[in-house]
Amino acid sequence: MKFNSILLHRQGINSKFYFNISLNQTLFSVVNNTIYNKFKFSLVTHSIIQNSNYSTKNNIINNKSNFNMNFLQHLQHSKKSLINNDKYNTKNTTTLVLGNETADLDSMVSALFFSYLASITSKDKNRQYVPLINLNREDFKLKTDCIYPLVNYFNSQYNKKEVNYETCSEELVFRDDLTPSVLNSLNSLQIVLVDHNRLCYDFENLLSHKDYVIESIIDHHVDENKYKPTNLKIINMVGSTVSLITQLYQQESEKNQALFQNKMDTAMAKLFLAPILIDSVNLNREYNRTTDIDENSAEFLKNIILKEEKDFDTNNYYKILKENKHKIADLSIYDLMRKDFKKYLNRSNADGESSDNFFYGISSISRWCIENLIENNKDAKNEIITSMKQWMEKQNLKFLLLMASHLDGDIFKRELFFLFSDDFNKTIEDNVIKGIENSDIECSVVEKSEENRYYFFRQKNLKYSRKVLQPYLQTLL
């Protein structure tokens with residue numbers, strides 16, 4: 001197999017460079033720089049593209065399809081096909097496209113967008129790509145970052161009915177739609193992971209009695225190297241996974257115009273632009289979350305919008321998105337903890353099951369200042385700890401970390417609040433806290449109690465978001 005020149009962007013550098021590859025193999029990998037320094041943890045560029053079907057005649061995603069549905073029709077059809085799968089042709093291959101378990105805006109939109117793109121370009125007429133929201137339907141109300149852009153999209157598609165978050169959720173496929181009967185009805189199951197590169201434990205458990213194949217991975221997190229996808233692997237430390245999918249869409253639509261009879265419209269472009277702006281902090285380079293790919297993808301989408309809305313302004317759009325994202329006044333402390341939560345399994349060895357394995361979790365909470373809350377409400381600390389214990393028990397966690405962030409005037413600030421279970425290994429607990437205190441995270445103690453096993457810090461180094469902190473935290477366990 002002969003490969004064309006592959007263009008990769010070195011993140012954070014304007015220059016471009018090329019690799020000319022001619023290999024007789026079905027899988028290639030190009031890695032730019034390293035992702036992890038064992039001696040001093042720091043995030044640097046990480047770009048991987050792997051593909052088992054790349055050639056001059058086949059695009060990155062298999063093509064030549066008669067798919068003529070628009071985006072809304074695709075969403076409606078994919079849900080109907082999955083829920084009523086036993087009534088359809090059981091020879092179909094179902095590919096679930098799912099984001100990570102936080103089910104944030106980037107994960108949701110990545111699943112919706114990539115499933116649509118793959119459906120357009122797939123040459124397999126018996127394959128259905130189903131975007132799956134990786135949480136239960138009842139928890140959709142917690143996703144304030146997702147509700148506005150999704151509701152806004154569906155409202156643009158319906159003239160005679162107004163869509164709210166409840167009716168919006170009826171248009172989508174959620175994790176609890178994947179019932180045992182639906183799973184059993186699937187003849188052949190493949191998985192596409194977007195915005196993560198390893199299935200969360202709960203989803204692995206859900207599929208424990210079902211054979212499946214990881215078809216593709218498109219992600220912007222540190223690669224855990226768990227799977228070798230059969231089709232496509234793109235891992236690039238950009239601001240938003242949707243940026244990577246937008247780049248794929250742009251490439252495919254330019255090469256195969258006949259397949260893209262339904263052009264991307266303003267409503268779609270607005271939906272896809274939203275997570276790019278949110279995850280890159282409105283394309284602000286100061287936060288080290290924006291790359292050339294994010295900027296180029298945002299520009300591509302913005303130009304589509306401007307064709308119909310001449311006065312569209314990304315700054316105003318970002319402001320609206322941010323305001324809606326942070327509508328958390330009606331959420332309890334317990335709800336805030338599970339609103340943007342990730343669960344991790346720490347394995348004592350790489351071989352799998354062990355009695356020493358344990359779960360821990362990290363909840364990210366925006367526009368929430370723990371220190372002010374405790375100062376202004378004498379019962380707040382007890383409520384926080386009680387809520388944490390409740391969520392830890394429900395999720396079977398040995399410890400939980402709250403990562404809170406807020407604006408103090410115009411200054412962005414972060415806080416860390418650890419709580420360890422009473423039966424957790426004290427040596428590991430001490431190692432975690434010492435590792436946090438002695439790192440370049442630059443934490444200062446607000447309050448801690450070794451007896452009650454909680455530790456509250458101000459975090460000075462703002463670069464340590466959850467995506468950056470968790471891999472370092474894992475090295476301390």
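## A walk through the chain

Residues 24 or more positions apart account for 68% of the contacts in the chain with a separation of 6 or more. Keep in mind as you click around that this is a predicted model.

**The whole chain.** Start with everything shown as cartoon: you should be able to count 15 helices and 16 strands. Colour by burial next. Of the 477 residues in the chain, 56% are buried. Switch on the surface, and you have about 22,200 Å² of accessible area on screen, with 43% of that belonging to carbon and sulfur atoms.

**Strand 6 and Q128.** Select residues 127-133, which make up strand 6, and pick out Q128 within that strand. Is Q128 buried or exposed? Its relative accessible area is 9%, and the cut-off for buried is under 20%, so Q128 counts as buried. Now show side chains around Q128. The side chain to look for is that of T94, which makes a polar contact of 2.7 Å with the side chain of Q128. Leaving out residues up to four places away in sequence, Q128 touches S81, L82 and N85, plus the run N92, T93, T94 and T95.

**The largest cavity.** If you run a cavity search over the whole structure, two cavities of 30 Å³ or more turn up. The largest of them holds about 40 Å³ of space. To frame this cavity, select L75, S78, K79, L112, P131, E171, L172 and V173, the residues that line it. Which element gives the largest share of that lining? Helix 1 (residues 71-83) does, with three residues. Colour the lining by class and you get five nonpolar residues, one polar and two charged.

**Strand 13 and the residue before it.** Jump to residues 397-408, strand 13, and select K398 there. With a relative accessible area of 24%, K398 is partly exposed. What does the side chain of K398 pair with? Try D423: a polar contact of 2.8 Å joins the two side chains. Then measure from K398 to F359 yourself: the two C-alpha atoms are separated by 5.9 Å, although the residues are 39 apart along the chain. Beyond its neighbours within four places in sequence, K398 is in contact with several residues, among them F358, F359, M392, L419, F420 and F424.

Step back to N396, in the loop between helix 13 (380-395) and strand 13. Check the backbone here, as N396 has a positive phi of about 60° although it is not a glycine. Most residues other than glycine have a negative phi.

**The loop between helix 8 and helix 9.** For the last stop, go to the loop that runs between helix 8 (266-279) and helix 9 (292-306), and select V281. Here is another non-glycine residue with a positive phi, near 55° for V281. As for burial, V281 counts as buried at 18% relative accessibility, because the cut-off is under 20%.

Stay in the loop between helix 8 and helix 9 and select T291. This residue is buried too, with a relative accessible area of 5%. Which side chain does T291 reach with its own? Show D294, and you'll find a polar contact of 2.8 Å between the side chains of T291 and D294.

Technical notes
Residues are numbered from 1 along each chain as its sequence is written. This is a predicted model: local features need pLDDT of at least 70, side-chain atom pairs count only at pLDDT 80 or more; totals for chains, interfaces and linings use all residues. Side-chain values use heavy atoms; hydrogens and water are left out. Helices (H or I, at least four residues) and strands (E, at least two) are DSSP runs, numbered from the N terminus. Buried means under 20% relative accessible area, exposed over 50%, partly exposed in between (1.4 Å probe, protein chains only). A polar contact is a pair of N or O atoms within 3.5 Å; within protein, one must be able to donate a hydrogen and the other to accept it, and residues adjacent in sequence count only if both atoms are side-chain atoms. Contact means heavy atoms within 4.5 Å. Accessible areas come from the Shrake-Rupley method with a 1.4 Å probe; for residues, only the protein chains shown count as cover. On a 1 Å grid over the protein atoms alone, a cavity is a set of points where a 1.4 Å probe fits but cannot get out, and a pocket is an open set with protein on both sides within 12 Å along at least five of seven lines; lining residues have an atom within 4 Å of a point. Grid points are joined across faces, edges and corners, and a volume is the space filled by probe spheres set on the points. Ala, Val, Leu, Ile, Met, Phe, Trp, Tyr, Cys and Pro count as nonpolar, Asp, Glu, Lys and Arg as charged, and the others, Gly among them, as polar.
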